[in-house]
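Hello,

Here is the structure I promised to pass on. Please open it first, then read my notes below alongside it.

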Amino acid sequence: MNALTKFQTIAGPDGNPLFVVVPYDEFIQRYCNSEELIPHEVIEASVVHGATPIKAWREHLRLTQGDVAQRLGISQPAYAKQENSARLRPATLARIARALGLSLAQLDF
């Protein structure tokens, strides 16, 4: 039986909870293999440098556009157009997520 862990809550200036501190070992156990996590480098590439989430993930995974296009069964120029699009159909986004080995939630942020 697992013992309950008390998390530390840090309140903001208004007294409402703002942060929760989780013991590192418990964090790793709960979230290390989570399909919903997004690496800092991917967020930074997208938010700070303006890359689309698809491009940020592709570069993080060290794949070329040709690699992903081949996985999708399309040409590299066709994939490049999708990668640079701000709006894709949900089905297309899901196909690209599968090609990158990601969950849809990781790609759609």
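**Helix H3 and what surrounds it**

Helix H3 covers residues 53-60, and its buried residues are Pro-53, Ile-54, Ala-56, Trp-57 and Arg-58. Keep in mind that this is a predicted model. The buried residues of H3 have plenty of partners. They pack against helix H2 (40-47), H4, helix H5 (76-83), helix H6 (90-100) and helix H7 (104-107).

**How confident is the prediction?**

The average pLDDT of the protein is 89. A score of at least 70 is reached by 92% of the residues. Among the elements, helix H4 (residues 65-72) has the highest mean pLDDT, at 98. The lowest belongs to helix H1 (residues 24-31), with a mean of 78. Please remember that value for H1 when you reach the surface patch below.

**The salt bridges**

How many salt bridges does a search of the whole structure find? It finds two. Start with Arg-58 and Glu-59. Their closest N and O atoms are 3.9 Å apart. Next, look at Glu-83 and Arg-58. Here the closest N and O atoms are 2.4 Å apart. This second pair links distant parts of the chain: Glu-83 sits in helix H5, Arg-58 in helix H3, and 25 residues separate them. Arg-58 takes part in both pairs, and the three residues Arg-58, Glu-59 and Glu-83 are linked in a network.

Are these residues buried or exposed? Glu-83 and Arg-58 are both buried. Arg-58 counts as buried because its relative accessible area is 8%, and the cut-off for buried is under 20%. Glu-59 has 42% relative accessibility, so it counts as partly exposed. As background, side chains of opposite charge can pair when their charged atoms come close.

**Just after H3: Arg-62**

Move on to the loop between H3 and H4. Arg-62 is found there. Which sign does phi take at Arg-62? Phi is positive, about 60 degrees, although Arg-62 is not a glycine. For comparison, most residues other than glycine have a negative phi. Arg-62 counts as exposed, because its relative accessibility is 72%.

**Two buried residues to click on**

The first stop is Ile-96, in helix H6. Its relative accessible area is 0%, so Ile-96 is buried. Which residues does Ile-96 touch, leaving aside neighbours within four places in sequence? The contacts are Ile-54, Leu-72, Tyr-79, Gln-82, Leu-88 and Leu-107. Take Ile-54 from that list. Ile-54 and Ile-96 are 42 residues apart along the chain, and their C-alpha atoms are separated by 7.9 Å. Ile-54 is also one of the buried residues of H3.

The next stop is Ser-46, in helix H2. Ser-46 is buried, because its relative accessible area is 15%. Again leave aside neighbours within four places in sequence. Ser-46 is then in contact with Ala-51, Thr-52, Pro-53, Ala-56 and Phe-109. Pro-53 and Ala-56 are among the buried residues of H3. Now try Phe-7. Ser-46 and Phe-7 are 39 residues apart in sequence, and 31 Å separates their C-alpha atoms in space.

**The hairpin**

Go back to the start of the chain. Strand S1 (residues 8-11) pairs with strand S2 (residues 17-21). The sense is antiparallel, and there are four bridges. One of the partnerships is Gln-8 with Val-21 in S2. S1 and S2 form a hairpin, with five residues between the strands. Gly-15, in the turn, has a positive phi of about 90 degrees.

How many of the five residues of S2 are buried? The count is zero, and S2 is hardly covered.

**A nonpolar patch on the surface**

Last, look at Tyr-24, Phe-27, Ile-28, Tyr-31 and Leu-37. They make a nonpolar surface patch of about 470 Å². Tyr-24 lies in helix H1. Tyr-24 counts as exposed, because its relative accessibility is 59%. Remember that H1 has the lowest mean pLDDT among the elements of the protein.

**Where to begin**

If time is short, start with Arg-58. Arg-58 is buried in H3, and it is linked with Glu-59 and Glu-83 in the network of salt bridges. Then turn to Ile-96 and its contacts, including Leu-72 and Leu-107.

Best wishes

Note on methods
Residues numbered from 1 in each chain as written. Predicted model: local features only at pLDDT ≥ 70, side-chain atom pairs only at ≥ 80, totals over all residues. Heavy atoms only, no water. Pairing = 2+ DSSP bridges. Helix = DSSP H or I, 4+ residues; strand = E, 2+ residues; numbered from the N terminus. pLDDT = per-residue confidence, 0-100. Patch = residues over 30% accessible without salt bridge, like charges linked within 9 Å, V, L, I, M, F, W, Y side chains within 5 Å. Areas by Shrake-Rupley, 256 points an atom, 1.4 Å probe, with all protein chains shown as cover. Salt bridge = Lys/Arg side-chain N within 4 Å of Asp/Glu carboxyl O. Buried < 20%, exposed > 50% of the residue type's maximum accessible area, 1.4 Å probe, protein only. Contact = heavy atoms within 4.5 Å.
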